[in-house]
Amino acid sequence: MYTDEKGCSWYKGSLHNHTTRSDGNFTPAEAADVYADKGFDFLVLADHLYQSSDNESDRLLTISGIEIHTSTGVREGHFHIVGVGMDKEIDVSNCRSNPQDAIDEIIRCGGAAILAHPAWSLNSPAMIINLENICAMEVYTTLSAKPYGVRPDSSMISDLVSAQGRLIPLVAVDDAHLYEGEQGVSYIWLKTDVLDKQHILSALKRGDFYASQGPRFSYEISHDKKSIKVRCTDAREVVFFSDALGSDRVFGKEKGDTPSINEAEYFFVSGESYVRFEITDFEGRKAWSSPISLSDI
Ligand SMILES: [Zn+2]
Ligand SMILES: [Zn+2]
């Protein structure tokens, strides 16, 4: 947990991990201990087609989770949907023929739905745009990186979807299975004044979180609405992305900026509908903002 300059509390959470209940190597208790030891405030055990319970550990807050994979193939769209915070038991027998059925079942049971590792799954932007009622998609999935996989980064998919006018908030997760080093790498910082299940769910639905592997940041739109200013922990690089082609802006040493960046200001370009940014620290760890709409500022 950290407190920002406005006095708001941000909690460190891991939303997508596996245990021996499906194909993970650690028991639920061992997984909870690993994340507690790494200073996490809350944890979601989201085993394949197995719904975990709230309060499974006395080391840190756990809230119920599940991962539902559709029975469809890659060509028609093979989706993995993570459910977080359900109150009722999900009926997995009847919601796997398409991703919207899985999302709807998670919502019906009181949870929040997250699109898992779209790059790994080769989910097309055209398919993702049609998904209703997801609170986030994974922008980075540690287990999908080398040496276990090759497509951990879904940021390009986020940009393709955002450019079509659909802004989906971004989370980073481990999708820990092996516990060989992928655990505790990618996570979210979530803003809430009270750390409990209902407040976490509310923050997830409000978009009060950001994806990180270490860097922390805050941002504000200028009063004249001409720019966005980011403040961050020591960074090597801050990069802004938008749908105004050629307007991308890189702040970093290569561009003649000071070696350590703690502030970066991006001036909006006419016609762009969103902007997002990525921060990289000196150890190569990243943080990602969600896409920020510029149409309603
Ligand atoms: Zn998955
Ligand atoms: Zn998974």
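Buried residues account for 47% of the 297 residues in the protein chain of this predicted model. For 297 residues, a compact globule would have a radius of gyration near 19 Å, and the chain's own value is 19 Å, so the two agree. Measured out along its principal axes, the C-alpha trace spans about 55 × 40 × 35 Å. The chain carries six helices and 19 strands.

**The chain as a whole**

- Take the contacts between residues at least 6 apart in sequence: 60% of these join residues at least 24 apart.
- The rest of this briefing goes through some of the helices and strands, region by region.

**β2, α1, β3 and β4**

- Strand β2 (residues 9-17), helix α1 (residues 28-37) and strand β3 (residues 42-45) make up a β-α-β unit, and that unit is right-handed.
- β2 and β3 run parallel and are joined by three bridges.
- If you want a spot to look at in that pairing, find Gly13, whose bridge partner in β3 is Phe42.
- β3 also pairs with strand β4 (residues 61-63), again in the parallel sense and over three bridges.
- Here Val44 is the residue to look for, as Ile63 in β4 stands opposite.
- Side chains in a regular strand alternate between the two faces of the sheet.
- In β3, Phe42 and Val44 point one way, while Leu43 and Leu45 point the other way.
- All four of these β3 residues are buried.

**The five-strand sheet**

- Five strands form an open sheet with mixed pairing, in the order β5-β6-β7-β8-β9.
- The edges are taken by β5 (65-69) and β9, each of which pairs on one side only.
- From one strand to the next, the twist averages 35 degrees.
- β5 pairs with strand β6 (residues 80-84) in the antiparallel sense, with five bridges between them.
- Within that pair, Gly83 in β6 sits opposite Ile66.

**Helix α5**

- Which residues of helix α5 (residues 155-163) are buried? They are Ile157, Ser158, Val161 and Ser162.
- These buried residues cover an arc of only 135 degrees around the axis, which means they sit on the same side of α5.
- There is a simple reason for this kind of spacing: an α-helix has 3.6 residues a turn, so residues three or four places apart point the same way.
- What do the buried residues of α5 pack against? The list is α3 (118-121), α4 (125-129), β8 (134-141), β9 (170-173) and β17 (274-280).
- Two of those partners, β8 and β9, also belong to the five-strand sheet described above.
- After α5 comes Gly165, which has a positive phi near 95 degrees.

**Helix α6**

- Helix α6 (residues 197-206) has Ile200, Leu201, Ala203 and Leu204 as buried residues.
- Looking down the axis of α6, you find the buried residues within an arc of 165 degrees, so they line one face of the helix.
- α6 is followed by Gly207, and here too phi is positive, near 85 degrees.

**The three-strand sheet**

- Another open sheet has three strands in the order β12-β13-β16, with antiparallel pairing.
- β12 and β16 are at the edges and have a single partner strand each, so one side of each is left without a neighbour in the sheet.
- Ignoring direction, neighbouring strands in this sheet are turned by 15 degrees against each other on average.
- Strand β12 (residues 217-221) and strand β13 (residues 227-235) pair over five bridges.
- In that pairing, Ile221 has Ile228 of β13 as its bridge partner.
- β12 and β13 form a hairpin with five residues between the strands, and Lys225 in this hairpin takes a positive phi near 60 degrees.
- On to the other pairing: β13 and strand β16 (residues 261-267) are antiparallel and share six bridges.
- Phe267 in β16 stands opposite Ser227.
- Ile228 turns up again here, with Tyr266 as its bridge partner in β16.
- Ile228 of β13 therefore has a bridge partner in each edge strand: Ile221 in β12 and Tyr266 in β16, with the edge positions of β12 and β16 leaving β13 in the middle of the order.

Key. Residues numbered from 1 in each chain as written. Chains lettered and ligands numbered in written order. Predicted model: local features only at pLDDT ≥ 70, side-chain atom pairs only at ≥ 80, totals over all residues. Buried ≥ 20, exposed ≤ 12 C-beta atoms within 10 Å, placed from the backbone. Helix = DSSP H or I, 4+ residues; strand = E, 2+ residues; numbered from the N terminus. Arc of directions from axis to C-beta. Contact = placed C-beta atoms within 7 Å. Pairing = 2+ DSSP bridges. Axes fitted to C-alpha atoms, helices over the stretch in contact; angles between N-to-C directions. Rg over C-alpha atoms; globule rule 2.2 N^0.38 Å. Right-handed = clockwise from strand over helix to strand, strands pointing away.
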